[in-house]
Amino acid sequence: MRGLLHRYADRLPQIGADSKQYAALSLGEGSTPLIPLLNLPQAMGVANINLWVKYEGLNPTASFKDRGMAIAVAAAAADNISCVICASTGNTSASAAAYAARAGMACLVLIPQGKVALGKIAQAVAHNAVIVQIDGNFDDAMRAVRVYSDSGKVAVVNSINPMRLQGQKTAAFEVIETLGSAPDYHALPVGNAGNITAHWIGYSEAASSGTAACHYCQGNCTTCQPIAGGEKRPQMLGYQAAGSAPFVNGNPVANPDTVATAIRIGNPQSYEAAQVVLAESNGWISAVEDSDILQTQRQLAALEGVFCEPASAASLAGVINDVKSGRIPAGARVVCTLTGHGLKEPDLFPLPALASTAVGDLAAVIEQHLNNR
Ligand code: F0G
């Protein structure tokens with residue numbers, strides 16, 4: 001098994017005296033597939049572009065958080081810290097709980113009451129985290145956790161921890177490795193805007209001249225080296241749910257609301273960093289309606305066999321809108337990150353009414369199905 005600290009040791013911060021020692025805490029994060037879409041582009045009216053999805057739901061705890069958590073928890077272990085804490089809309093808590101369990105650490109998570117997908121809570125329970133439900137939203141939980149960020153007693157493993165972004169930048173390396181160069185556009189769902197920032201760090205490091213550390217790593221990576229084919233950087237696109245779109249509004253949202261609970265965030269922690277990403281990459285952040293998010297999630301599952309959670313579908317839904325409006329031009333090469341797995345929220349796909357069929361009638365059922373196609 002080769003986790004991120006094995007694969008990218010020379011591009012990640014040194015952890016303790018010997019990063020390899022901490023590489024053993026890996027759960028095999030990263031190396032997720034970049035899947036070219038075959039059927040959906042035609043069905044959803046965007047066959048004029050080249051579209052790939054980076055399926056981050058195939059990480060060990062089924063979201064992109066594992067890339068960052070592998071590095072953040074390893075760094076905490078090297079600092080002899082025995083407890084990690086985080087605020088979370090669900091995926092961060094699942095990932096923190098798993099990596100803390102592996103490292104023999106305690107894990108405390110703060111989640112907004114009633115707004116976290118059941119599968120994500122089940123993960124935190126299974127990995128033995130201490131779960132505190134708060135009568136408030138993610139932004140309230142984050143405010144409470146931030147107080148401990150410099151305590152030295154516990155490690156805050158939200159994306160305000162720079163190790164998180166260092167781990168998450170590796171997704172950009174993988175995209176370049178697979179495509180042979182960066183795409184024209186890279187689209188992500190945006191909550192705190194940590195992940196879009198991390199991707200831009202990755203693309204920027206890959207494009208660096210190698211003569212000096214690029215300014216994104218802030219001295220955190222040992223060497224900024226160019227990656228073959230990485231000279232070009234994409235335009236970065238972010239998509240927020242319309243009811244939870246502080247970047248689009250230009251102000252924090254006091255009561256964010258969306259079916260995509262993972263990105264139900266009104267006060268993004270990486271607000272300023274993301275503005276730099278947009279300016280430097282000539283990118284943009286726009287909003288998508290919940291109805292578009294859900295329809296895209298369903299179409300992707302039904303037409304491509306790729307099951308992502310609602311928040312993840314925001315990137316693809318937004319790209320579809322922007323291709324149709326002409327903002328993304330025909331012929332563009334576009335990568336959409338699918339941040340988390342659809343199995344985290346199975347209640348969105350309740351079992352339809354099923355007729356029971358006698359075994360002997362199976363042939364008739366098959367026949368009828370074939371005739372209906
Ligand atoms: N997609 C999913 C599935 C997420 O869980 C998150 C964030 C995002 C997108 C947005 O990423 O915050 O870096 O812009 N989830 C955090 C959590 C907030 O607590 O799990 P971002």
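Two strands pair if DSSP finds at least two bridges between them. Strands (E, at least two residues) and helices (H or I, at least four) are DSSP runs, numbered from the N terminus. The model is predicted: local features need pLDDT of at least 70, side-chain atom pairs count only at pLDDT 80 or more, and totals for chains, interfaces and linings use all residues. Residues are numbered from 1 along each chain as its sequence is written, and side-chain values use heavy atoms, with hydrogens and water left out.

**Exercise 1. Place Q235 in the structure and name its bridge partner and its contacts.**

Step 1. Q235 belongs to strand β8.

Step 2. Across the pairing of β7 with β8, Q235 is the bridge partner of Y185. These two strands run parallel and are joined by five bridges.

Step 3. Contact means heavy atoms within 4.5 Å. With neighbours within four places in sequence set aside, Q235 touches D184, Y185, H186, S281, N282 and W284.

Step 4. For a distance across the model, take S159: it is 76 residues from Q235 in sequence, and the C-alpha atoms are 22 Å apart.

**Exercise 2. Give the strand order of the six-stranded sheet and identify its edge strands.**

Step 1. The order is β1-β2-β10-β7-β8-β9; the sheet is open and its pairing is mixed.

Step 2. β1 (34-36) and β9 (284-288) each pair on one side only, and these are the edge strands. On average, neighbouring strands are turned by 25° against each other, direction ignored. Such angles are taken between axes, which are lines fitted to C-alpha atoms (for helices, over the stretch in contact); angles run from 0 to 180 degrees between N-to-C directions.

Step 3. At one edge, β1 runs antiparallel to β2 (residues 50-55), with three bridges between them. Here I35 is opposite V53.

Step 4. At the other edge, five bridges join β8 to β9, and the two run parallel. G238 faces I285 of β9 in this pairing.

**Exercise 3. Determine how β8 and helix α10 are covered.**

Step 1. Buried means under 20% relative accessible area, exposed over 50%, and partly exposed in between (1.4 Å probe, protein chains only).

Step 2. Of the seven residues of β8, six are buried, so the strand is largely enclosed by the rest of the structure.

Step 3. Helix α10 (residues 194-207) lies across β7 (185-189), β8 (235-241) and β10 (333-338), and runs at about 170° to β8. In α10, 13 of 14 residues are buried.

**Exercise 4. Check the length of α13, find its buried side and describe its packing against α14.**

Step 1. The expected span of a helix is 1.5 Å times one less than its number of residues. For the 15 residues of α13 (residues 290-304) this should give 21 Å, and the end C-alpha atoms are 21 Å apart, which agrees.

Step 2. I293, T296, Q297, L300 and E304 are the buried residues of α13. They cover an arc of only 100° around the axis, which puts them on the same side of the helix. The arc is that of the directions from the helix axis to the C-beta atoms. The face turned away from this side carries the exposed residues S291 and A302.

Step 3. The buried residues of α13 pack against α3 (40-43), β8, β9, α14 (310-324) and β10.

Step 4. α13 and α14 pack at about 100°, with axes 8 Å apart. They are therefore roughly perpendicular to each other (65 to 115 degrees; under 35 counts as roughly parallel, over 145 as roughly antiparallel, the rest as oblique).

Step 5. After α13 comes G305, with a positive phi near 75°.
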